[in-house]
Amino acid sequence: MLVRHAISDYLRDCGYIVVEAANSDEAATVLGEAGPQVDAILCDAQIGGSFNGFELRQWVQQHRPELQFILSGTIASAANAAAELCEQGPQLARPYEPQSVVDYIKRLLAKRAESGA
């Protein structure tokens, strides 16, 4: 929770609008609503709730495929996942510096803009 709040505060300080979710169930609820526009999701592989970060990424790919999904986790959590899940999208290994998250998000959104998606 402390990491989530710290990175959320940093992203807000950088001008991003941030919506936090405490677990995968809350994230799915927020993402399923017509609420705020979401461009990117930063999710820990070991998020609590009914499903983990890898499963949440699959849910997002089925229900909101336009979203950029960044999965964060330790090398161990990535190694424990099935290889096909690890290859489905961007990964961000912990530990990371807050600015590296901002840079990563900027690159993903720029790449999406270039592709016209």
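## A tour from the β-α-β unit to the largest pocket

Select β1, helix α3 (residues 53-63) and β2 to begin: together they make a right-handed β-α-β unit. Right-handed means that, with the strands pointing away from the viewer, the path from the first strand over the helix to the second runs clockwise. Helices (H or I, at least four residues) and strands (E, at least two) are DSSP runs, numbered from the N terminus.

The model is predicted: local features need pLDDT of at least 70, side-chain atom pairs count only at pLDDT 80 or more, and totals for chains, interfaces and linings use all residues. Residues are numbered from 1 along each chain as its sequence is written, and side-chain values use heavy atoms, with hydrogens and water left out.

**The whole chain.** Display the protein as a cartoon. Six helices and three strands are present, and along the sequence they follow the pattern α-α-β-α-β-α-α-β-α. Of the 117 residues, 32% are buried, where buried means under 20% relative accessible area, exposed over 50% and partly exposed in between (1.4 Å probe, protein chains only).

**The paired strands.** Select β1 and β2 next. They run parallel and are joined by five bridges; two strands pair if DSSP finds at least two bridges between them. In a regular strand the side chains alternate between the two faces of the sheet. On β1, Ile41 and Cys43 form the covered face, whereas Ala40, Leu42 and Asp44 form the uncovered one. In β2, six of six residues are buried: Gln68, Ile70 and Ser72 point one way, and Phe69, Leu71 and Gly73 the other.

Centre the view on leucine 42, in strand β1. Its bridge partner in β2 is isoleucine 70. Leucine 42 counts as partly exposed because its relative accessibility is 28%. A distance label between the C-alpha atoms of leucine 42 and glutamine 68, 26 residues apart along the chain, should read 8.6 Å.

**The nonpolar cores.** Which residues touch the most other members of the largest nonpolar core? Select Leu31, Ile41, Cys43, Leu56, Val60, Leu67 and Phe69, which do so among its 16 residues. α2, β1, α3 and β2 each supply at least two residues of this core. A second, separate core of ten residues includes Ile7, Leu11, Leu92 and Tyr104. A nonpolar core is a set of buried Ala, Val, Leu, Ile, Met, Phe, Trp, Tyr and Cys residues joined through side-chain atoms within 4.5 Å.

From the largest core, pick leucine 67, in the loop between α3 and β2. Leucine 67 is buried, with a relative accessible area of 7%, and its C-alpha atom lies 9.9 Å from that of arginine 57, ten residues away along the chain. From the second core, pick leucine 11, whose place is in helix α1. Leucine 11 is buried at 9% relative accessible area. Its C-alpha atom and that of proline 98 are separated by 8.0 Å, although the two residues are 87 apart along the chain.

**The largest pocket.** Finally, show the largest pocket, with a volume of about 950 Å³. Of its 34 lining residues, Val18, Val19, Glu20, Ile41 and Leu42 are the closest to its centre. On a 1 Å grid over the protein atoms alone, a pocket is an open set of points where a 1.4 Å probe fits, with protein on both sides within 12 Å along at least five of seven lines; lining residues have an atom within 4 Å of a point. Grid points are joined across faces, edges and corners, and the volume is the space filled by probe spheres set on the points.

Colour the lining by element: α1 (2-13), α2 (24-32), β1 (40-44), β2 (68-73) and α6 (98-115) each supply at least two residues.
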